[in-house]
Amino acid sequence: MALDVSWVLSPLLALPGVARGVVLSRDGLILGGSADLTAETGERAAAMTSSVLGAARALCDGLSNGADGEVVDVVISVGGGYYYIAPAGDRAALVVAATGAVNIGSLAYEVQLQVQKLIKALNEASAARAPGARA
């Protein structure tokens, strides 16, 4: 990982019911993850999350009737809880796994706060790597 942004998950993992998470690039590469996540599990989650977001964007584009179909989040409800996916600008996304005990409204709010911090961090990192950027 060239840029580890696992820190963005810390406030989310502190929420009751949130088990683990992954930060990924839009093309499915892992940018960070929960401390207990193996590299293989994180990479698989990143790749699958990227695919889910691509499918969600295609669905929105196909059914939008000209309306803005930008995906803000995707919530997958499973028997034991949720997977909450949120794009972070046009370069990244995050996914968290939570039990049924999570307050989904609080999770949604906190995810959007962290998404904004992630977008800012990625923009700053990109600007620092740009030709002519000061070291």
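This passage describes a set of paired strands and the nonpolar cores beside them in a predicted model.

A good place to begin is strand E4, which spans residues 81-88. Six of its eight residues are buried, so E4 is largely enclosed by the rest of the structure. E4 has a partner in strand E3 (residues 74-78), and five bridges link the two in the antiparallel sense. Within this pairing, Val 74 has Ile 85 of E4 as its bridge partner. The connection from E3 to E4 is a hairpin of two residues.

E4 also pairs with strand E5, residues 92-99, again in antiparallel fashion, here through eight bridges. One of the bridged pairs matches Gly 81 with Thr 99 of E5. Three residues lie between the strands in the hairpin of E4 and E5, where Gly 89 adopts a positive phi near 70 degrees.

Turning to side-chain packing, the largest nonpolar core comprises 21 residues. Val 23, Val 96, Leu 107, Val 111 and Leu 118 have the most contacts inside this core. At least two of its residues come from each of strand E1 (18-25), E4, E5 and helix H3 (104-129). The greatest contribution is that of H3, which provides five residues.

Leu 107 offers a helpful close-up of the packing: leaving aside residues up to four places away in sequence, Leu 107 touches Leu 15, Val 18, Tyr 84, Val 96, Ala 98 and Val 102. Another core, of 11 residues, lies apart from the largest one, and its members include Leu 53, Val 71, Ala 93 and Val 95.

Definitions and conventions:
Residues numbered from 1 in each chain as written. Predicted model: local features only at pLDDT ≥ 70, side-chain atom pairs only at ≥ 80, totals over all residues. Heavy atoms only, no water. Buried < 20%, exposed > 50% of the residue type's maximum accessible area, 1.4 Å probe, protein only. Helix = DSSP H or I, 4+ residues; strand = E, 2+ residues; numbered from the N terminus. Pairing = 2+ DSSP bridges. Core = buried A, V, L, I, M, F, W, Y, C linked by side-chain atoms within 4.5 Å. Contact = heavy atoms within 4.5 Å.
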